[in-house]
Amino acid sequence: MPELPEVEAAAQRLREAVLGQTIASVTVTHPALRRALPAAGQRALLGARLTRIDRRAKIQLLHLSDGAVLEVHFRMTGDWDIGVANDPAPAHERARIVTETGIRVSFTDSRALGIIRRHAPGTFTEPDVGPEPLTDAFTVEGFLATLARRSAPIKPVLLDQHVVAGVGNIYASEALWEARIHPATPARQLSKARVTRLRDAIRHVLSNAPAARYYGATPTASDDHTTDAETMWQVYDREGAPCTRCGRAIVRSVQAARSTYHCPRCQRA
DNA sequence: TGTGCCCTGGTA
DNA sequence: TACCAGGGCACA
């Protein structure tokens, strides 16, 4: 499940593969994706050069030489599969971009919830999301002020991308466990000390995510970070398993239609 | 502020 | 065979 570290790693792989190259062909095979990127939008990409690849929250932004911007969101299961032009289609390929040098970038997405959208030159505006958690923009003061305006439970508030950019369901549960905060605590009831702990925990879990080790590096085909992820989670998907801190069984609950995991002893209501 | 929907592979 | 997973959006 790609969250911020995984998306940054994917963007980095993309930069290394195709930055500066020109798009020679675009194929979109899934109907849902064709709705987001129709034939006219696909044709408009041809001949454009990839001048910059940014990431904001979980969104990848591919800037093109004609001023257009290609916005890519992996949602649940999206990923890049990079190879050469005449490779057979990888599993769950939904779209394929081939550059003039013959590099193939396939957008794979088993659940087909991901989105690729083209913004015509001059029409792109920055995503309306909160501060990047791993930058200095994510301050205790700002976080505290935002949470003070929210009466909802802290867990779903953390998933709101306006509050802090790029935190998803897994790392929200993990950060709350690390900060010893019950997921149902109303956001505005959190003291400055607890907000500070939570901010530090968010930064800690994101920067220690398995994909974070790929920042600035290229993963190889033999790397299997899924296995690492499953063994490193403290609460996520561990219902009934002992808390690694106190031994009490981890509890699963549902908030805002999302699974939440917490330790009933370490994270008191 | 909460709920349902989009999607489909994996699991019970 | 039915149900569950969930990010982000539309809607009530």
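Visitor: At what distance does a phosphate oxygen of DNA strand C lie from an N or O atom in the side chain of His 73?

Guide: A polar contact is a pair of N or O atoms within 3.5 Å; within protein, one must be able to donate a hydrogen and the other to accept it, and residues adjacent in sequence count only if both atoms are side-chain atoms. Here the distance for His 73 is 2.5 Å. The side chain of Arg 252 likewise has an N or O atom 2.5 Å from a phosphate oxygen of DNA strand C. Arg 258 addresses a base instead: a polar side-chain atom lies 2.2 Å from a base nitrogen of this strand. This is a predicted model, in which local features need pLDDT of at least 70 and side-chain atom pairs pLDDT 80 or more, while totals for chains, interfaces and linings use all residues. Residues are numbered from 1 along each chain as its sequence is written, chains are lettered from A and ligands numbered from 1 in the order written, and side-chain values use heavy atoms, without hydrogens or water.

Visitor: Which residues surround DNA strand C?

Guide: A residue is near a strand if one of its heavy atoms lies within 4 Å of it. Around DNA strand C, these residues include Lys 58, His 73, Arg 111, Gln 161, Tyr 236 and Ser 259. Of the strand's atoms within 4 Å of the protein, 56% belong to sugar or phosphate and the rest to bases.

Visitor: How many residues near DNA strand B are nonpolar, polar and charged?

Guide: Ala, Val, Leu, Ile, Met, Phe, Trp, Tyr, Cys and Pro count as nonpolar, Asp, Glu, Lys and Arg as charged, and the others, Gly among them, as polar. The surface near DNA strand B has 4 of each class, whereas that near DNA strand C has 3 nonpolar, 4 polar and 5 charged residues. For DNA strand B, 84% of the atoms within 4 Å of the protein are sugar or phosphate. Its phosphate oxygens lie 2.6 Å from a side-chain N or O atom of His 30 and 2.3 Å from a polar side-chain atom of Ser 151. A polar backbone atom of Ser 110 lies 3.5 Å from a sugar or linking oxygen.

Visitor: In what order do the strands of the sheet containing S1 stand?

Guide: Strands (E, at least two residues) and helices (H or I, at least four) are DSSP runs numbered from the N terminus, and two strands pair if DSSP finds at least two bridges between them. This open sheet of 4 strands has the order S1-S6-S7-S5, with antiparallel pairing. Strands S1 (23–28) and S5 (78–84) stand at the edges, each with a single partner, so one side of each lacks a neighbour in the sheet. S5 is joined to S7 (residues 103–109) by 7 bridges, and Asp 81 stands opposite Ser 106 in S7.

Visitor: In what order do the strands of the sheet containing S2 stand?

Guide: The order is S2-S3-S4-S8, again an open sheet of 4 strands with antiparallel pairing. Its edge strands are S2 (50–56) and S8 (115–119). S3 (residues 59–64) and S4 (residues 69–73) pair over 5 bridges, with Leu 61 opposite Glu 71 in S4. Contact means heavy atoms within 4.5 Å, and angles run from 0 to 180 degrees between N-to-C directions of axes fitted to C-alpha atoms, for helices over the stretch in contact. Helix H1 (residues 4–18) touches S2 and S3, its direction making about 175° with that of S2. H1 also lies across S5, S6 (93–99) and S7, at about 20° to S5.

Visitor: Is helix H6 mostly covered or uncovered?

Guide: Buried means under 20% relative accessible area and exposed over 50%, with partly exposed in between (1.4 Å probe, protein chains only). H6 (residues 169–178) is mostly covered, with 9 of its 10 residues buried, including Asn 169, Glu 174 and Trp 177. Just after H6, Arg 180 takes a positive phi of about 60°.
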